Amino acid sequence: MDNLLVTGGCGFIGTNLIRYLLDEAPFAGRVINLDAVTYAGNPANLQPYLERGDGRYSFVEADICDAEAVGRVIDQYEVDAICHLAAESHVDRSIRGPAPFVQTNLIGTYNLLEAARQRPDQVRRFHHVSTDEVYGSLGPDGLFREASPYRPNSPYSATAAGSAITTPRAVAATGITIAFSGV
Ligand SMILES: NC(=O)c1ccc[n+]([C@@H]2O[C@H](COP(=O)([O-])OP(=O)(O)OC[C@H]3O[C@@H](n4cnc5c(N)ncnc54)[C@H](O)[C@@H]3O)[C@@H](O)[C@H]2O)c1
């Protein structure tokens with residue numbers, strides 16, 4: 001893994017993941033952060049890595065709903081692995097206005113998967129970070145397992161569930177290693 005594309009790297013988890021990769025992890029490759037800088041993103045958090053000038057961090061402001069831009073970035077940076085965190089992720093916002101959730105979480109995820117699927121000899125790993133909210137709500141007790149049935153109960157979790165179901169099926173035949181995690 002030499003050139004890792006992190007989507008949503010200006011968000012809460014993405015920013016911390018990139019800091020970890022560049023400062024602590026046993027990872028010697030490059031990180032390319034692709035983020036549309038919505039209300040949730042702040043590229044300034046990672047500005048010091050650009051200023052360090054060692055070439056290990058690049059930032060591209062782009063929307064994962066723009067399939068051409070996604071393909072261009074993957075080709076330009078010779079991306080061989082993708083860690084996908086870009087999402088609309090705020091439950092209350094999804095109830096007030098689901099449209100961006102449908103676009104980013106479903107169409108955007110599809111664009112990334114399709115770009116990977118079209119480059120099976122280049123993109124070898126795809127890790128989709130999603131949410132345990134796809135399983136619905138727990139009472140005071142209990143736990144979810146991977147095989148628990150999906151019971152999403154907001155546009156946020158429904159679109160996250162839709163993208164999670166799409167992920168393995170879309171690339172199963174290509175030999176790309178798929179990982180899926182819900183935090
Ligand atoms: N933070 C949590 O506690 C939590 C809990 C459960 C699951 N998750 C999941 O983890 C992932 C990351 O969460 P987070 O908290 O870092 O999210 P966040 O909202 O803090 O950040 C999302 C990032 O994605 C970017 N983005 C949004 N739409 C985009 C688009 N169309 N194209 C490119 N970039 C776009 C935003 O600019 C932002 O930088 C999401 O899938 C989320 O559902 C997070």
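# Strands, core and ligand shell in a predicted model

Q: In this predicted model, four bridges join E4 to a parallel strand; which strand is the partner, and which residue of that strand bridges to Cys-83?
A: E4 and E5 run parallel and are joined by four bridges. Within that pairing we can pick out Cys-83 and look across to E5. The strand is E5, and the bridge partner of Cys-83 there is His-127.

Q: On E4, which residues lie on each side, and are they buried or exposed?
A: One side of E4 carries Ala-81 and Cys-83, while the other carries Ile-82 and His-84. Both faces are covered. The state of these four residues is therefore easy to give, since 20 or more other C-beta atoms within 10 Å make a residue buried. Ala-81, Cys-83, Ile-82 and His-84 are all buried.

Q: How many bridges pair E1 with E4, and which residue of E4 is the partner of Leu-4?
A: Let's move to another pairing of E4. E1 and E4 pair in the parallel sense, and Leu-5 stands opposite Ile-82 in E4. The pairing of E1 and E4 has four bridges, and the partner of Leu-4 in E4 is Ala-81.

Q: Over how many bridges do E1 and E2 pair, and which residue in E2 is the bridge partner of Leu-5?
A: E1 also pairs with E2, in the parallel sense. Together with H1, these two strands make a right-handed β-α-β unit. E1 and E2 pair over five bridges, and the bridge partner of Leu-5 in E2 is Ile-32.

Q: Why is E1 largely enclosed by the rest of the structure, and how many of its residues are buried?
A: E1 covers residues 3–7, a stretch of five residues. E1 is largely enclosed because most of the strand meets the cut-off for burial, and the number of buried residues is four.

Q: Which residues touch the most other members of the largest nonpolar core?
A: The largest nonpolar core has 30 residues. Strands E1, E2, E4 and E5 and helices H1, H3 and H5 each give two or more residues to this core. H5 gives the most, with four residues. The residues that touch the most other members are Leu-5, Val-6, Ile-82, Ala-116 and Val-123.

Q: Leaving aside neighbours within four places in sequence, which residues is Leu-5 in contact with?
A: Leu-5 is a good residue to click on, as it is among those touching the most other members of the largest core. It helps to start from its bridge partner in E2, Ile-32, and from Ile-82, which Leu-5 stands opposite in E4. Beyond its sequence neighbours, the contacts of Leu-5 are Ile-32, Leu-34, Val-73, Ile-74, Val-79 and Ile-82.

Q: Which of the 28 residues around the ligand come nearest?
A: The shell around the ligand divides into 14 nonpolar, 11 polar and three charged residues. H1, H5 and E5 each give two or more residues to this shell, and H1 gives the most, with three. Those that come nearest are Gly-8, Gly-11, Gly-41, Ala-87 and Thr-131.

Q: Is Glu-78 buried or exposed?
A: Glu-78 lies in the loop between H3 and E4, and its phi is positive, about 50°, although it is not a glycine. It has 12 other C-beta atoms within 10 Å. Since 12 or fewer is the cut-off, Glu-78 is exposed.

Q: How many other C-beta atoms lie within 10 Å of Val-37, the residue with a phi near 55°?
A: Val-37 has a positive phi in a residue other than glycine. Its place is the loop between E2 and H2. Val-37 counts as partly exposed because its number of other C-beta atoms within 10 Å is 14.

Q: What distance separates the C-alpha atoms of Tyr-135 and Arg-151?
A: Tyr-135 sits in the loop between E5 and H6, and is buried, with 20 other C-beta atoms within 10 Å. Leaving aside neighbours within four places in sequence, its contacts are Phe-144, Ser-148, Tyr-150 and Arg-151. Tyr-135 and Arg-151 are 16 residues apart along the chain, and their C-alpha atoms are separated by 4.8 Å.

Definitions and conventions
Residues numbered from 1 in each chain as written. Predicted model: local features only at pLDDT ≥ 70, side-chain atom pairs only at ≥ 80, totals over all residues. Core = buried A, V, L, I, M, F, W, Y, C linked by C-beta atoms within 7 Å. Contact = placed C-beta atoms within 7 Å. Near = placed C-beta within 6 Å. Nonpolar A, V, L, I, M, F, W, Y, C, P; charged D, E, K, R; others polar. Pairing = 2+ DSSP bridges. Right-handed = clockwise from strand over helix to strand, strands pointing away.
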